[in-house]
Amino acid sequence: MRAFNTSKAARRAVVLLAAASIVSACGTGPGASSGDGKSLRIQIPAGPMADRMQQVGKDFEKANPGTKVTFESVDSNSSRGPNVALLSSTATPDIGYLQRSTGVWSALLKNKQLTPIDDVWNAAGLADKYAKSQTDYYTTNGHHYGVLYEELLIAPIYYNKAAFAKAGVPDPADHQVASVAEFESMVAKLKTAGYEGLGVGGSSPYDLGHTLDALLPTAVSESDYHAMLTNFKPGSPTNVKYTDAGFVKVLHTIRDWQKKGIFQKGMLGMDTTQAQALFTSGRLSMLQGGNYSYADLKAAKPSFDMGWFLLPPLTEGRKTPFNAFNGDTLVIPAKAANPGLAKKFLKFFMTDKYQVSVVAASGSLPVFTSIKPSSLSNLGDLVQQQFELSKSVGVVNIWDSTVPSTLGQSFAVPVLQKLVSGKLTPQQAAQEFQTGLENLQSGKVSGATD
């Protein structure tokens, strides 16, 4: 995830501002906005898309003579906490980045720190270009406060084809593994051949959550899964619980994989960057990632060819679907110096043209339903395969970034870390999730509504 969340406290705004990597689209220097209607500061997450956005800045400057665009890069860790303080301060960029599911969105809205951008939505025709579920997700009390610019497919497992061949493990047919038993047998053979098993960034604020996300849809019925995406709302008419057998089975599987050595050694002490480096070095046979991971993996120039598959289903006969994350969001903070110019940029950027030349070219999936799959050859071969398979096995909304952060990612990952370290049993962990659900339903904690 790569990125999956912007949420916590206000304490490092000054540090973040000083540490931000600021690159001008047409030069160097901080280019701080002065409220002159011509200088535009835009925050974007570090990674392949940051490079692609430079061209968008140049295009915007050309189309609007006299304007100057600068980009400020925010890294994955900073975006999960300190960035909330920056976006609500007078030092805020004109366009900020956040992830919709993390609590930052709700906190900023509650404190009236986001500018409504209904006019951007109308001018760009976004309600007609997004899927209905995406439009609903980005509508709060009839208004819009952010734009979703990409979709991510979560938790494909990348693997070292040379390692599989050496271990005598065949490439998974149709990118699916039939069962947990088959998957564990694969790992045993790979370890005998001298490789470590499945790489997960156990110390990261999201990666263990993605393991849960990948396993949950096939552990419960479709109706129960849908209920889990919505039953946090007060008055929700469902009796689905996190102490039910299906969810507990997910927790048992994750705990067992740690005990059996399915995960790499020292998993809890590694973040996603360290796990990725172990994989590209050739020591790790498999890596949990996303469609967004592929560009970085290729850039590392591993000495082996890569393939990919999805984790096994927890119910026999089910096909494992993809999880989709719809949360990478651009907003205009209420204290932005140049909100008018910021709106003009968002209208300029949110087009089919940049969905293909920037979003798809960065390895992410466009969000507009108007984009034809035939136009996405620049995704890269493995991501193109993932996109095509998603059409047959299906896509579900990712659990830990659809429910509020007080139950989802920022709550769930610490519970999972305690689970795999032996501090909680699966039943105890399940009860923590259930208590979190009940606290939301009763209104004891916030987040059940925007």
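**Helix packing, nonpolar cores and local backbone features**

The crossing of helices H13 and H20 is right-handed. In this predicted model, the contact is formed on the H13 side by Phe-247, Val-248, Leu-251, His-252 and Arg-255, and on the H20 side by Pro-426, Gln-427, Ala-429, Ala-430 and Phe-433. By residue class, the contact of H13 with H20 comprises seven nonpolar residues, two polar residues and one charged residue. The axes of H13, which spans residues 245-259, and H20, which spans residues 426-442, come within 9 Å and cross at roughly 130 degrees. The two helices, H13 and H20, are therefore oblique to each other.

A second helix pair, H2 and H16, packs with axes 11 Å apart and at an angle of about 110 degrees. At that angle H2 is roughly perpendicular to H16, because values from 65 to 115 degrees are assigned to this class. The crossing of H2 and H16 is right-handed. From H2, the residues Met-49, Met-53, Val-56, Asp-59, Phe-60 and Ala-63 meet Leu-341, Lys-344, Phe-345, Phe-348 and Phe-349 of H16. The contact of H2 with H16 divides into nine nonpolar residues and two charged ones, with no polar residue.

Within H16 (residues 339-349), the buried positions are Leu-341, Ala-342, Lys-343, Phe-345, Leu-346 and Phe-349. The elements that cover these buried residues of H16 include three helices, H2 (48-63), H6 (118-124) and H17 (352-359), together with the strands E2 (39-45), E5 (147-148) and E11 (328-331).

The residues Phe-345 and Phe-349 appear again in the largest nonpolar core, which has 71 residues and in which they are listed, with Met-53, Tyr-130 and Val-147, as those with the most contacts inside it. When neighbours within four places in sequence are left aside, Met-53 is in contact with Ile-44, Phe-71, Phe-345, Phe-349 and Val-358. Apart from this core lies another one, of 63 residues, among them Val-180, Val-240, Leu-251 and Met-286. Leu-251 of H13 also takes part in the contact with H20.

Turning to the backbone, two residues other than glycine are noted for a positive phi. Ala-155, with phi near 70 degrees, is one of them, and its place is in strand E6, which covers residues 152-160. Ala-155 is buried, with a relative accessible area of 2%. For Asp-174, phi is near 55 degrees, likewise a positive value in a residue other than glycine. Asp-174 is found in the loop between helix H9 (161-167) and helix H10 (180-192), and with a relative accessible area of 57% Asp-174 is exposed.

A further loop position, Pro-321, lies between strand E9 (306-309) and strand E10 (322-325). Its relative accessible area is 10%, and Pro-321 therefore counts as buried, the limit being under 20%. Not counting residues up to four places away in sequence, Pro-321 touches Pro-217, Thr-218, Leu-310, Val-393, Gly-394 and Val-396. In addition, the C-alpha atoms of Pro-321 and Gln-176 are separated by 9.7 Å, although the two residues are 145 residues apart along the chain.

Methods
Residues numbered from 1 in each chain as written. Predicted model: local features only at pLDDT ≥ 70, side-chain atom pairs only at ≥ 80, totals over all residues. Heavy atoms only, no water. Axes fitted to C-alpha atoms, helices over the stretch in contact; angles between N-to-C directions. Helix = DSSP H or I, 4+ residues; strand = E, 2+ residues; numbered from the N terminus. Parallel < 35°, antiparallel > 145°, perpendicular 65-115°, else oblique. Left-handed = near helix turned anticlockwise from the far one by under 90°. Contact = heavy atoms within 4.5 Å. Nonpolar A, V, L, I, M, F, W, Y, C, P; charged D, E, K, R; others polar. Buried < 20%, exposed > 50% of the residue type's maximum accessible area, 1.4 Å probe, protein only. Core = buried A, V, L, I, M, F, W, Y, C linked by side-chain atoms within 4.5 Å.
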